[in-house]
Amino acid sequence: MLSTEAHETLLDVYERLEELDVNTAEMRAAEILHGLGFSATMMQEKCKNFSGGWRMRIALARALYIRPSMMLLDEPTNHLDLDACVWLEQYLKRYDSAAYRVRTFNSIL
């Protein structure tokens with residue numbers, strides 16, 4: 001028998017899994033990674049095989065994937081090419097929670 005606290009924790013976990021829609025998790029991850037410039041081959045690589053710039057893209061993808069209720073993005077386009085910047089801008093326009101971006105160049109985002 002679960003304690004009340006354990007039961008509530010378990011319910012929280014199930015609620016978060018439902019929010020993340022685990023049935024489409026791999027597809028959503030691939031969509032985000034592709035938008036940030038990863039090829040299908042690159043998506044199969046281990047993180048340790050990537051340079052610092054690509055690891056920053058992985059960190060950004062992770063932040064986008066978990067869909068937090070609020071994001072603070074500090075210069076999110078620093079390690080992105082133009083295509084990835086455009087994709088990110090479109091993605092954030094559709095983002096239904098708060099996303100704050102710190103940027104240097106007003107022409108991007």
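**Exercise 1. Work out which residues of helix 3 and helix 4 meet, and how the two helices are arranged.**

Step 1: list the partners. From helix 3, Arg-57, Leu-60 and Leu-64 touch Ala-84, Trp-87, Leu-88, Tyr-91 and Leu-92 of helix 4. Contact here means heavy atoms within 4.5 Å, and helices are DSSP runs of H or I with at least four residues, while strands are runs of E with at least two, numbered from the N terminus.

Step 2: sort them by class. The contact of helix 3 with helix 4 has seven nonpolar, no polar and one charged residues. For the sorting, Ala, Val, Leu, Ile, Met, Phe, Trp, Tyr, Cys and Pro are nonpolar, Asp, Glu, Lys and Arg are charged, and the others, Gly among them, are polar.

A quick word on the source: this is a predicted model, where local features need pLDDT of at least 70 and side-chain atom pairs count only at pLDDT 80 or more, though totals for chains, interfaces and linings use all residues. Residues are numbered from 1 along each chain as its sequence is written, and side-chain values use heavy atoms, with hydrogens and water left out.

Step 3: get the geometry. The axes of helix 3 (residues 52-65) and helix 4 (residues 82-94) come within 13 Å and cross at roughly 15°. That makes helix 3 roughly parallel to helix 4. Axes are lines fitted to C-alpha atoms, for helices over the stretch in contact, and angles run from 0 to 180 degrees between N-to-C directions. Under 35 degrees counts as roughly parallel, over 145 as roughly antiparallel, 65 to 115 as roughly perpendicular, and the rest as oblique.

**Exercise 2. Find out how helix 2 sits against helix 4 and helix 3.**

Step 1: take helix 4. The axes of helix 2 (residues 25-35) and helix 4 come within 8 Å and cross at roughly 135°, so helix 2 is oblique to helix 4. Glu-31, Ile-32 and Gly-35 of helix 2 make this contact with Ala-84, Trp-87, Tyr-91 and Arg-94 of helix 4. By class, that gives four nonpolar, one polar and two charged residues.

Step 2: now helix 3. Its axis and that of helix 2 come within 10 Å and cross at roughly 135°, which makes helix 2 oblique to helix 3. On the helix 2 side you'll find Ala-25, Arg-28, Ala-29, Ile-32 and Leu-33; on the helix 3 side, Ala-61, Leu-64 and Tyr-65. These residues divide into seven nonpolar, no polar and one charged.

**Exercise 3. Check the length of helix 1 and see what follows it.**

Step 1: the 17 residues of helix 1 (residues 4-20) should span 24 Å at 1.5 Å a residue, and the end C-alpha atoms are 24 Å apart, so the two agree. The expected span is 1.5 Å times one less than the number of residues.

Step 2: just past helix 1, Asp-21 has a positive phi of about 50°.

**Exercise 4. Locate Arg-67 and Glu-75, and describe their backbone.**

Step 1: Arg-67 lies in the loop between helix 3 and strand 1 (70-74), and Glu-75 is in the loop between strand 1 and helix 4.

Step 2: Arg-67 has a positive phi, near 50°, without being a glycine. Glu-75 isn't a glycine either, and has a positive phi of about 50°.

Step 3: Arg-67 is partly exposed, at a relative accessible area of 34%. The cut-offs are under 20% for buried, over 50% for exposed and partly exposed in between (1.4 Å probe, protein chains only).
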